[in-house]
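Today I am opening my notebook beside a new structure. Come and look over my shoulder while I jot down what I looked up.

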Amino acid sequence: ARGSVGAVLGPVLRRPEPIAPLATEPAETAPAPKAAPRTGPLAEAEKIPLPPLPETDALMRQLVVKLSSHPKALAWLATNGLMENFTVATLNLSEGKTPVVHWPTLAPKTRFSVASSSSGVVLDPKSYRRYDEYAAAISGLDPAGTAKLYLTVKPRIVDAYRGLGFPEGDFDPVLERAIGVLLATPALEGNPALKEKVLTYGFVDPGIESLPAAAKQL
């Protein structure tokens, strides 16, 4: 899933590569010329009229459904305030917070489970399977198309971001930080030991337990 996140959203933030220097050797001894690295944008906004922020749900549904018909994507599209929801969820991720509170209708259908071992309680591997369909929904998105969608509706994302109390409105750094939080999440080895809390479980390993909430959710 972490690789899918970077592949889907990376084209928005990737910087152009420098142009390769021209060869200075005589033509008869110069190696075969290589194709110059692409220096233009990897994705561009679609030039379409954007309605005011409170009226963008219909447009978002129209654009997103072109990228995915996965049931989880359609479940998200059935909610309201899509632009605002994406903005605040991404902001939460950029701060290391889990955004699950904003997606109550997308919660896994099965509960978190643990298993017993000779050393105590451990994370049940079946718990990971609860998120397979989410990973499938993300990895099924076309990276270039997703980047184009982001750039197309970005003016309204900026409006939603300013509405959260950020008058500068530059959302690209927020998106970049959110991607960074997810990509920095370490892969866990084996079945991590758990300790029971009041209503939940925590990781025995302090290195895992101290990770941001968004990383532990991932």
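Leaving aside neighbours within four places in sequence, which residues is E84 in contact with? I looked this up first and found L53 and A160; contact means heavy atoms within 4.5 Å.

Before going on, I noted that this is a predicted model, where local features need pLDDT of at least 70, side-chain atom pairs count only at pLDDT 80 or more, and totals for chains, interfaces and linings use all residues. Residues are numbered from 1 along each chain as its sequence is written, and side-chain values use heavy atoms, with hydrogens and water left out.

**Entry: E84**

I found E84 in helix α4, residues 82–94. Helices here are DSSP runs of H or I with at least four residues, strands are E runs of at least two, and both are numbered from the N terminus. E84 counts as partly exposed because its relative accessibility is 31%. For this I used the following cut-offs: buried is under 20% relative accessible area, exposed is over 50%, and partly exposed is in between, with a 1.4 Å probe and protein chains only. I also checked L53, which is 31 residues from E84 in sequence and 8.4 Å away in space, C-alpha to C-alpha.

**Entry: the core**

Next I looked up the largest nonpolar core (buried Ala, Val, Leu, Ile, Met, Phe, Trp, Tyr and Cys residues joined through side-chain atoms within 4.5 Å). It has 22 residues, and M60, V64, W76, M83, V153, I157 and F171 touch the most other members. Helices α2, α3, α4, α7 and α8 each supply at least two residues of this core. The largest share, six residues, comes from α7. I then followed W76: leaving aside neighbours within four places in sequence, its contacts include M60, V64 and W103.

**Entry: aromatic pairs**

How many aromatic pairs does a search of the whole structure find? I noted five. Rings of Phe, Tyr and Trp (its six-membered ring) pair if their centres lie within 6.5 Å; planes under 30 degrees apart are stacked, over 60 edge-to-face, and the rest tilted. The rings of Y131 and Y134 have centres 5.5 Å apart and planes at 45 degrees, so this pair is tilted. Y161 and F166 form a stacked pair, 4.5 Å centre to centre with 5 degrees between the planes.

Is Y161 buried or exposed? I wrote down buried, because its relative accessible area is 3%. F166, at 24% relative accessibility, counts as partly exposed. Finally, I saw that ring pairs link F86, Y161, F166 and F171 into a cluster.
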